[in-house]
Amino acid sequence: MRLLITAGPTREPIDPVRFLSNRSSGRMGYALAEAAHAAGHEVLLISGPVTLPPPSGVQLIHVETAREMFDAVRTHLPGCDTAIFSAAVADYRPAHVISQKIKKSAGTLTLQLERTEDILGSVRSQFAFHGFLVGFAAETENLIAHAQDKLTRKGCDLIIANDVSQSGIGFDSLENEVTLCLPGGQTVPLPRQSKTALARELIAHISRLSSPQAPK
Ligand code: CTP
């Protein structure tokens, strides 16, 4: 199968030297890309800025902002069978990018932010994607309820939910512990393990669930 995977954070510029971003390392998405390639799939990885080496055998597209990731997904999604959205896309960006470096002045500075494009949320409605759609839900409370809500709202076939309030897993960690949330309220907890081992397990689940004979 041909898979599109988004990974890493996005960076939203404030001025020529500053940006808004988050702690995503990109490790989960890169591990998924490696595992999918190792399982014999064709992989296109759309990545925000990370310090990881490019996975071998994977087509890699670098982007910086949510807008660039949105455009890259829209361009490359046609022809893909499965899309996995593991990127930690900024939900807001500065409404105005200042063309010169902001100089210090008063004691406080107010930035006005505007919503970025909801990439995963556009896949069914705007991009008319009919393949197998996988999203991530990083939550600090009511994990399963929020994940099930995201599954329905964004038209996903699978949400991989992780509790980011626990230290040592999820954002910027080597390990992760997730629960698979499927349509109909079914959940499958996967034990805490390295992101590399978890990625292999996730790709096996996704291959099985997305195959035409899979029970829905
Ligand atoms: N995502 C995306 N584009 C965005 C924001 C998120 O594609 N602008 C994707 C992420 O890659 C992830 C999923 O959406 O797969 C969940 O992101 P999250 O920010 O948790 O979801 P939201 O619906 O924005 O919900 P919340 O209100 O919790 O922020």
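Visitor: By class, how many nonpolar, polar and charged residues does the shell around the ligand have?
Guide: This is a predicted model: local features need pLDDT of at least 70, side-chain atom pairs count only at pLDDT 80 or more, and totals for chains, interfaces and linings use all residues. Numbering starts from 1 along each chain as its sequence is written, and side-chain values use heavy atoms, leaving out hydrogens and water. Ala, Val, Leu, Ile, Met, Phe, Trp, Tyr, Cys and Pro count as nonpolar, Asp, Glu, Lys and Arg as charged, and the others, Gly among them, as polar. The shell has six nonpolar, two polar and six charged residues.

Visitor: Which residues around the ligand come nearest?
Guide: The ligand has 14 residues around it, each with a heavy atom within 4 Å. Those that come nearest are Phe85, Ala87, Glu117, Lys150 and Lys154.

Visitor: Which side chain has an N or O atom 2.6 Å from an oxygen atom of the ligand?
Guide: Polar contacts are pairs of N or O atoms within 3.5 Å. Two come from the backbone: Phe85 at 2.6 Å from a ligand oxygen, and Leu120 at 2.8 Å. The side-chain contact belongs to Lys154.

Visitor: How much of the ligand's area does the protein bury?
Guide: Areas are Shrake-Rupley values with a 1.4 Å probe. Taken alone, the ligand exposes 580 Å². The buried part of that is 77%.

Visitor: What is the angle between the planes of Phe70 and Phe127?
Guide: Aromatic rings pair if their centres lie within 6.5 Å; under 30 degrees between planes is stacked, over 60 edge-to-face, the rest tilted. The structure holds one such pair. Phe70 and Phe127 are 5.2 Å apart, centre to centre, and count as tilted, with an angle of 55°.

Methods. Polar contact = N/O pair within 3.5 Å; in protein donor to acceptor, adjacent residues only side chain to side chain. Phe/Tyr/Trp six-rings, centres within 6.5 Å; stacked < 30°, edge-to-face > 60°.
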